[in-house]
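Could you walk me through this structure in plain language? I'm new to it and would like a simple path from the overall picture down to single residues.

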Amino acid sequence: MDRSSNESKSKNGRRIGYLVVLFVILTAIYIVDEISSNITTSMQPYVILDLFDVPGGSVLSDEYASAVGLFTTMSMVSYVFMLIAPFYKALADKFGRKPFLILNTLLMGLGMLICMIAPNYIVYIIGVLVITFVKSNDMQVMYIIETAPDNHRAKLCNLTKAIGLVSVALIGLFRQMFYHEDDLSSWRMVFLIPAIMGIVVALICIPIVKETPVFLKNKVKNKDSNNKKLEDEENKDVAKSIDVKEADKDVSDSKPRGGVKNAFIYIFKNPQVRRIMIAAVAFALVTGITSYYTTVLEVSEDSGIITDSMISMVLMIFPFVNGLFTLICGFLSDAMGRKNACFLFSAVAIAGLVIFVLGTQFGWSQIVIGIGWGMFIGTLWSITDTLVLVMPSEATPTDMRASVLGVMSLILSAGMALSIIIFTVAMNVFGTNLLGIVSLCICIPLTIVACILLAKVKETKGNNLDV
C-alpha cells in the first residue's frame, strides 16, 4: 500500500514538474511569437525611411505615403502565401503538435534574422513573409488548450500570452538602445536579440517538450476504431445475416476527419462555427490600424506634438497595459463566458483607441497614450484569439481541431489583409496626418457591426474537448 502510494505521489510529482516546465517553455515561445509579430510593425516607419531612401526622412512627405503603398502591396504577397497555411497546420492533426511547435518557433527566429540582414525591401519582405506564415499557427495555444484543465483554459492561455505581450516592451527598450535618428540603418540591431532567442528556444524544445495528451488519446482511439473496422470487414463472410454495412458506416463516419477540405466543409456547414467565423472576420477588419500605429506616433512627432523620447516610452508602456488587459480578459472569459466577455472587450477597445488618437492629436502624456494603445490592442487581440482559437477549439472535434484552426487563421488573415488595404487607401487619400482620425471613423462602426454578428453565436465555455 505504502509503495503504491509513494509511486503514485512520485508520478504526480513528475507530472506537475513537467507541466510547470512545459508552461515556462510555452511562455518563452509566446514571447518569441509576440515580439516577432510586433517588431515589424513597430519598426516599420524606420525600415521604410531607410530601405526606400525617403527624402528628409519625414513620414509626412508624399514619398513616404507612396513608399507605404508599395511596401503594403509587397507585403500582401505574405497573405497570398497564407493560402497554404491551413494545409501546413492540418499536418498537426496527422503528425502531432510537437514538430510544428518547434518548427514554427525556429522560423520566427530565422524570419527576424532575414529582416535584420536584408539589403533591400524585397529581402525584408521575405523575412516578413516567413514570420507571417508561422505566427498565425499559434501551436503554443493549442498545446495549452489540450493540456490545461477545462475550467482554466482561458486563464492559462491569457496568462502566458500576457507575459508574452509584456515582453514586447523589449522592442521599445532595444529601440532606445540601438536606434539613432542620424543613422537610419541602425534599426537592424533591434532585431538581433529576438532572432537569437527564437532559434535558441526552438532548440530547447526538442529534448524537453512531449506530445499533447489529447492528441495521443485521440490517436489511440482512432487506432482502436480502425482495428474494429478491420475486424468487421473480416467477419462479413461469417456473419451474413448481420447488416455490417451500416455498422461500418457508423464507425467510419462517427467522427469527421482532419484536412483542409473537411475543415472548410465543417466550418461552413456547422451553424455554430460558421457564425463564429463571420464574427471573427468582422473584428479582423478593425485590425488594420495595428500595422500603422507607429506611423500615427511619427506623424505626431513630425508635427511637433510629441517627441522621439516620448515614442520610445509609449513603446515600452503599452506592452505592460496590453499584457494586463489580456490577463484580465482571460479571467473574465472564464467567469462571464466567451461571448459576454467579447462584448465588454469591444467597449474597452473603442475607449482605448479614442484615448490613443486624441492623445497623439493633442499631445497628452506618453503614459496616457501608451495606456490607450495598450487597452485597444489588449482587448482587440483577446477578441480575435477568442473567436479564432478558443471558441472554434471548443466547438470542434479533436481529430480535426488543428485543421479547423488553420482554416480559421487563414480566414482571419484574409480579413486582416483587407483591413490593411482599407487603411493604406485611406492614408493615400486623406494623408498620413489624418490617419488617427480616419481610424476612429473606420474602427468604431466596424466594431459595432461585429458585436451585432457575435450576438448570434452560442456560448462554448465548458465544452468537453475529449471528443
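Here is a short tour, going from the whole chain to one helix, one residue and then some helix pairs.

Keep in mind that this is a predicted model. The protein chain has 20 helices and 0 strands, so helices are what we'll be looking at, with helices here being DSSP runs. Of its 467 residues, 56% count as buried. Now look at contacts in the chain with a separation of 6 or more: residues 24 or more positions apart account for 81% of them.

Let's pick out helix 5, which covers residues 98–117. Does its length fit what its residue count says? What span should its 20 residues have at 1.5 Å a residue? They should span 28 Å, and the end C-alpha atoms are 29 Å apart, which agrees. Plenty of names turn up on the buried list for helix 5, including Phe100, Leu101, Asn104, Thr105, Met108, Met112, Cys115 and Met116. A bit of background helps when reading that list: an α-helix has 3.6 residues a turn, so residues three or four places apart point the same way.

Two of those buried residues, Met108 and Met112, lead us to another part of the chain. Ser36 sits in helix 1, residues 2–42. Is Ser36 buried or exposed? With a relative accessible area of 0%, Ser36 is buried, because anything under 20% counts that way. Setting aside neighbours within four places in sequence, Ser36 is in contact with Met108, Met112 and Ile131.

Further along the chain, helix 16 (residues 308–336) packs against helix 18 (residues 366–394), at an angle of about 40° and with the axes 7 Å apart. That angle makes helix 16 oblique to helix 18. Their crossing is right-handed. On the helix 16 side, the contact includes Met310, Ile317, Phe318, Asn322 and Phe325, while helix 18 brings in Ile367, Gly370, Trp373, Gly374 and Ser382, among others. Sorted by class, this contact has 14 nonpolar, 8 polar and no charged residues.

Helix 18 has another partner to look at: helix 17, residues 338–362. How do helix 17 and helix 18 run relative to each other? Their axes come within 7 Å and cross at roughly 155°. The two helices are therefore roughly antiparallel to each other, since angles over 145 degrees count that way. This crossing is left-handed. By class, the contact of helix 17 with helix 18 has 17 nonpolar, 8 polar and 2 charged residues.

How values were computed:
Residues are numbered from 1 along each chain as its sequence is written. This is a predicted model: local features need pLDDT of at least 70, side-chain atom pairs count only at pLDDT 80 or more; totals for chains, interfaces and linings use all residues. Side-chain values use heavy atoms; hydrogens and water are left out. Helices (H or I, at least four residues) and strands (E, at least two) are DSSP runs, numbered from the N terminus. The expected span of a helix is 1.5 Å times one less than its number of residues. Buried means under 20% relative accessible area, exposed over 50%, partly exposed in between (1.4 Å probe, protein chains only). Axes are lines fitted to C-alpha atoms, for helices over the stretch in contact, and angles run from 0 to 180 degrees between N-to-C directions. Angles under 35 degrees count as roughly parallel, over 145 as roughly antiparallel, 65 to 115 as roughly perpendicular and the rest as oblique. A crossing is left-handed if the near helix is turned anticlockwise from the far one by less than a right angle, and right-handed if clockwise. Contact means heavy atoms within 4.5 Å. Ala, Val, Leu, Ile, Met, Phe, Trp, Tyr, Cys and Pro count as nonpolar, Asp, Glu, Lys and Arg as charged, and the others, Gly among them, as polar.
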